[in-house]
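Okay, thanks everyone, let's get going. I'll put the structure up, and then we can walk through it together.

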Amino acid sequence: MLILGLLALPAARSLGAVIVYDRVTTVGTPVYLKVLTKGRIFADGGRLVEFFLDGKRFDKNLTGGDGYGYLKYTPRRAGIIKIRATSKGESGAGLVLVMKKSEKAVLIEIESGFKDAFISDIAAGASRQAVKKLLNKYRVIYLSRLTGIRIARSWLDEMAFPQAPVLQWQGEQTLNGLKEKSINLYAIIGSTSVIAAAADRIKKRYTFDQNQKAQTVKDWQELTKLLSENPPQGSRKNKE
């Protein structure tokens with residue numbers, strides 16, 4: 001039911017011919033901006049794509065035969081940077097989250113962390129406020145395990161959740177990629193499989209389901225209280 005509900009969302013943003021993937025890195029650490037150019041059904045490679053960062057032209061590049069294109073970017077300041085990529089009059093948008101190495105990241109699996117929000121406006125409001133509260137001390141990264149980033153992003157926009165990057169969950173590979181970018185993985189909220197993959201990488205692991213490998217919490221109010229205790233060094237106020 002959860003997945004069907006997500007698939008029923010308007011997909012105007014997600015079905016564009018230019019798809020921009022969100023990225024996460026740290027100040028001074030290079031990252032490759034990623035874009036996919038598509039036809040109506042299949043990838044449409046060999047297209048020239050122009051990139052804009054926070055509204056300013058950055059660079060351009062050609063996509064390969066598979067439709068994917070990459071462009072190296074080394075950020076010099078922390079914050080959320082908006083990406084727009086255009087090709088043949090079509091465009092797509094995404095985010096680059098640039099963290100200070102002293103900042104802490106909290107990872108939230110959308111399908112598990114927000115499962116009650118899909119069926120209850122009250123639960124949606126509570127989880128939305130919880131994420132806003134977390135952003136006072138941490139950086140938030142959304143993970144999409146089942147639905148894909150485009151549909152997940154559309155749902156987050158529809159429900160007015162705070163702006164943060166959405167990454168496709170690929171198990172240990174996702175966590176290793178973040179570690180390679182010097183991201184300090186402070187806590188993760190998710191399902192059994194997500195928590196299991198993080199067992200040797202993230203100390204603070206929480207779930208709303210019964211799980212021996214994580215601390216089970218009953219709701220977001222309890223979870224934000226736990227994460228508010230003993231605030232980490234490098235705590236921050238979200239100014240984006």
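I'll talk about the empty spaces first and then about one helix. Keep in mind that this is a predicted model.

So, the pocket. The largest one holds about 710 Å³ of space. It has 28 lining residues, and the closest to its centre are D22, R23, K34, L167 and Q170. Which element gives the most to that lining? That's α5, with five residues. Several others supply at least two residues each, among them β1 (18–21), β3 (31–37) and α4 (149–158). As for the chemistry, the pocket lining has 14 nonpolar, eight polar and six charged residues.

Now the cavity. There's one of 30 Å³ or more, and its volume is about 30 Å³. Around it you'll find I80, L97, L135, R139, V140, Q163, A164 and P165. That lining splits into six nonpolar, one polar and one charged.

On to the helix, α7, residues 220–228. Which of its residues are buried? W220, L223, T224 and L227. They sit on the same side of α7, because they cover an arc of only 95° around the axis. The general picture helps here: an α-helix has 3.6 residues a turn, so residues three or four places apart point the same way. Over on the other side of α7, Q221 and K225 are exposed.

And what do the buried residues of α7 pack against? Helices α2 (110–113) and α3 (121–134), plus strands β9 (104–109), β12 (184–189) and β13 (204–207).

One last detail: D219 caps the N-terminal end of α7, with a side-chain oxygen 3.2 Å from the backbone nitrogen of Q221.

Methods: Residues are numbered from 1 along each chain as its sequence is written. This is a predicted model: local features need pLDDT of at least 70, side-chain atom pairs count only at pLDDT 80 or more; totals for chains, interfaces and linings use all residues. Side-chain values use heavy atoms; hydrogens and water are left out. On a 1 Å grid over the protein atoms alone, a cavity is a set of points where a 1.4 Å probe fits but cannot get out, and a pocket is an open set with protein on both sides within 12 Å along at least five of seven lines; lining residues have an atom within 4 Å of a point. Grid points are joined across faces, edges and corners, and a volume is the space filled by probe spheres set on the points. Ala, Val, Leu, Ile, Met, Phe, Trp, Tyr, Cys and Pro count as nonpolar, Asp, Glu, Lys and Arg as charged, and the others, Gly among them, as polar. Helices (H or I, at least four residues) and strands (E, at least two) are DSSP runs, numbered from the N terminus. Buried means under 20% relative accessible area, exposed over 50%, partly exposed in between (1.4 Å probe, protein chains only). The arc is that of the directions from the helix axis to the C-beta atoms. Contact means heavy atoms within 4.5 Å. A polar contact is a pair of N or O atoms within 3.5 Å; within protein, one must be able to donate a hydrogen and the other to accept it, and residues adjacent in sequence count only if both atoms are side-chain atoms.
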